[in-house]
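Here are a few exercises to work through with the model open beside you. Try each task before reading its solution.

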Amino acid sequence: MTQVNMTVNGKAASGDVEGRTLLSSFLRDQLKLTGTHVGCDTSQCGACVVHVDGVAVKSCTMLAAEADGADVATIEGQANPDGSLNVIQQAFQDHHGLQCGFCTPGMVMSTAALLKGNPKPSEAEVRAYLEGNICRCTGYHNIVKAIMAASGQDVGAIAAE
Amino acid sequence: MPKDGGIGASSKRREDVRFLTGVGNYTDDINIHGQAYVFFLRSDMAHGTINSVDTSAAAGMPGVVQIFTGADFEAVGSIPCGWQVTDKHGEVMQEPRHPVLAHGKVRHVGEPIAAVVAETLEQARDAAEAIELDISELPAVVDMKEALKDGAAKVHDDLNNNLCYDWGFVEENKAATDAAFEAAAHVTTLELVNNRLVANPMEPRVAVGEYARGTDEHTLYTTSQNPHVIRLLMGAFVLGIPEHKLRVVAPDVGGGFGTKIFHYQEEAFCTFAAKACNRPVKWTSSRSEAFVSDAHGRDHVTKIELALDGDNNFTALRTETYANMGAYLSTFAPSVPTWLHGTLMAGNYKTPLIYVNVKAVFTNTVPVDAYRGAGRPEATFQLERVVDKAARELGVDPVALRRQNFITEFPYATPVAVEYDTGDYHATMDKLESMIDRDGFAARRAESEKNGKLRGLGVNCYIEACGIAPSNLVGQLGARAGLYESATVRVNATGGLVVMTGSHSHGQGHETSFAQVVAEMIGIDENMVEIVHGDTSKVPMGMGTYGSRSLAVGGSAMVRATEKIINKAKKIASHLLEASEGDIELKDGAFSVAGTDKSVAWGDVTLAAYVPHNYPLEDIEPGLEETAFYDPSNFTYPSGAYACEVEVDPETGKVTIERFAAADDFGNIVNPMIVTGQVHGGLAQGIGQALLENCSYDENGQLLSASYMDYAMPRADDLPMFDVDHSCQTPCTHNPLGVKGCGEAGAIGSPPSVVNAVVDALQSAGKDVTHIDMPLSPDRVWAAMQ
Ligand code: FES
Ligand code: FES
């Protein structure tokens, strides 16, 4: 067991972990931040995406020990300070970009990383960026629409309610 | 003008806020103080005789609480099957025992052999590795037709053979159908495979068992679409626990698509082990485990023949299907290729004679059961493919051939035992044709060809049967359950309502749409209505969510209960207003006396019900809570017309979906935004089946597609934006909301149009290709072109 210390959603967090403990397990099991989901064991689905030092990371592929000293952001820290949904979250609700909600934390975290690097992505760029995030419910249509809306683009021309 | 609340409004989903902020409560988020963890040791062999399972070394490993093997479950019931099919000779199907942990034999890769309960998951896994298995491998049967041959290895030694049943439907139609084929001017024949799929909800299955010694009460938290059904199946048939001592909770569930309907061994195990170990026991499936333990879907091999007269009228339809059951009968497996498939074979057409034969086969593979659509996609795919092939053989327009044979008068009794109440198939086809710019297709094809690509347009129709019912009929057909739904509406003193529904939401947004219905009926704000589901200790009874039944059946129960509430509230209001009950009207949340300005607010009436000072106590009881059970008199029959436009790269065989349009008739619609989302999701799964997804075994029964590396899930860049319309509405005539169900349509209606489009593209280049089996992967398409 080794002790790890990190900042999670702006607060200091620490715990004892085995060498093999994944960051996703540390967040879920020790810090009880269960918003980060685990949908696969081959690093394919993206339900577990968090930000480590500002970079989107699949937390199931990173050891907790590797995040020692890092600044970690999870879905639980994304809402506005007053508790209201942030722009991305609000766009997902407005455009019905989620159904069961299981992929959603990863989608929101990936979106935040995408828009940081590419503030006005095209539809093709959004779809390409989401290559590592699987959603089984929505068919992606409304996720893509939500992401483009979150980036301030007019999505009125995209079909459907 | 879009409404801003109630029925017909695209109300935003209230459940989204918790999901978007990471505070949903999925089963794996539940951790109970003192819980231990289970790891299942699963068979890596498809078929073998278990000589011994030696746990002695493992038992001494660090952290091990207890190890269980098949022997510990000998006195425990078999995992039950919920549907008994009777074959064409009047014999009941062969039904094998399905143990919680394998005993005597292993019958598929992934079957649990032993379970280690330990302090941590890692310790449980480490100990499982120390279990010594002595298993003699037996020849595996994987191919269905091989499995039925004399001398084939038997999956179950105590059954006669690997044939679960040989079903004929409608047996009395067989001779007349055969005669119609003799007399036909043209017969189109097609042999095809409906590829095996894995449902893959993004949340893997989880079970947490808890036992309270003081009260002898069991609790199971589980990823289920129907917790009451699990309570009944597991309590009554497996573990012998009465309902009043067993609580089953299915909290937020991360998608189901059918695969979370069924009762699984892991649920029974965790419930059993929590008592045996006297501590909570938790199991979380890994994705790798999910591939070998979640029930799979589809897997039919079919020969279909369509007979036409000289005027291109369909005169008869005949099919022969082999349906894979896997190694055991999952909960509703026998019903899928029979009653959910044969009854749909008329489709949208007035074919007078239909005969369906289905042979259900045991193989050494994971059990197969309902997956989004369940039987109906298989029916639609073969029918819409053979109609398309017939049109091409006859040189007629595929849309015109369909239109010519459409059913146009309702109600319509099909030759396959169902009666469609309403529909307007020309209307959805008209709508579709207006959406797809068919006239512009030639130009788009020319443009593609300029770029070295082939372009194809595929169209198809579908009919669906949702809300399977009524209970007395399905009982005659072999269902071992009722198919009603219940709802309890509890009005609180200050006017807020809680609806306890037996429907379960795992992505469908019931918490929003169900509240819209009740709010509209009373004329109050949606936020005054709370929807409670997924907990047998809160909801009196429920059959759950599957088969696009929630609003049609569960919603109807809720409407009935709300009507009872309104009737009683009117009695109270008539007392308060000193008017006769017949004169009381409810509008916008207030009761008034017709023709006067006297009124009393909803909240005053509800308060009077609980503080009955000025109250007709001699006539009615205090309180305002009502329950209704709703058992539908018929299925509902959504229908629609879909079109897909593809580009095919002749160099690589790669298919790209360029446009996809869906015109559906779901009857009345409560929340158009949610309905559109349901269609999108269904389309993605149907297109996934058509182009990408395939669950495949080698001849030894090893699963070749056991992770997301090998099983191709549709990703964002595999799919286009969809053009979805549901403005054609012929309301269901027999449920109070006039709704039909929308959850499965997309998955049912989309695969044939994709394949039709690819065939169209290849034929446009002069290729003699009449069919390619799904998934239409580049290698298959390329090979077909050579
Ligand atoms: S859980 Fe991390 S990618 Fe699937
Ligand atoms: S919303 Fe269910 S997986 Fe994306």
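**Exercise 1. Work out how the span of helix α14(B) compares with the expected one.**

Solution. Keep in mind that this is a predicted model. Begin by counting: α14(B) holds 13 residues. Next, take the span from its first C-alpha to its last, which is 18 Å. At 1.5 Å a residue the expected value is 18 Å, so the helix comes out close to expectation. Finally, look just past the end of α14(B), where B:Gly523 has a positive phi of about 85 degrees.

**Exercise 2. Decide whether α14(B) is largely enclosed or not, using its buried residues.**

Solution. The cut-off needed here is that buried means under 20% relative accessible area. Go through the helix residue by residue: the buried ones include B:His510, B:Glu511 and B:Thr512 at the start, as well as B:Phe514, B:Val517 and B:Ile522. The tally is 11 buried residues out of 13, so α14(B) is largely enclosed by the rest of the structure.

**Exercise 3. Find the strand order of the open sheet in chain B, and name its edges.**

Solution. Start with the order of the 4 strands, β23-β22-β21-β27, whose pairing is mixed. Then look at the ends: β23 (529–532) and β27 (625–630) of chain B each have a single partner strand, so one side of each lacks a neighbour in the sheet. As for twist, neighbouring strands are turned by 15 degrees against each other on average, direction ignored.

Now zoom in on one pair. Strand β22 (residues 497–501) of chain B runs parallel to β23(B), and 4 bridges join them. In one of these, B:Val498 has B:Glu530 of β23(B) as its partner.

Last, add the helices. α14 (residues 510–522) of chain B packs on the sheet, touching β22 and β23, with its direction at about 135 degrees to that of β23(B). Helix α15 (residues 550–577) of chain B also packs on the sheet; it touches β21 (485–491), β22 and β27, and makes about 145 degrees with the direction of β27(B).

**Exercise 4. Judge how compact chain A is for its 161 residues.**

Solution. First list the elements: chain A has 5 helices and 5 strands, in the sequence pattern β-β-α-β-β-β-α-α-α-α. Its radius of gyration is 16 Å, close to the 15 Å from the globule rule, so chain A is as compact as a globular protein of that length. To complete the picture, buried residues make up 58% of the chain. Chain A exposes about 5900 Å², with carbon and sulfur atoms supplying 51% of that area.

Conventions. Residues numbered from 1 in each chain as written. Chains lettered and ligands numbered in written order. Predicted model: local features only at pLDDT ≥ 70, side-chain atom pairs only at ≥ 80, totals over all residues. Heavy atoms only, no water. Pairing = 2+ DSSP bridges. Helix = DSSP H or I, 4+ residues; strand = E, 2+ residues; numbered from the N terminus. Axes fitted to C-alpha atoms, helices over the stretch in contact; angles between N-to-C directions. Contact = heavy atoms within 4.5 Å. Rg over C-alpha atoms; globule rule 2.2 N^0.38 Å. Buried < 20%, exposed > 50% of the residue type's maximum accessible area, 1.4 Å probe, protein only. Areas by Shrake-Rupley, 256 points an atom, 1.4 Å probe, with all protein chains shown as cover.
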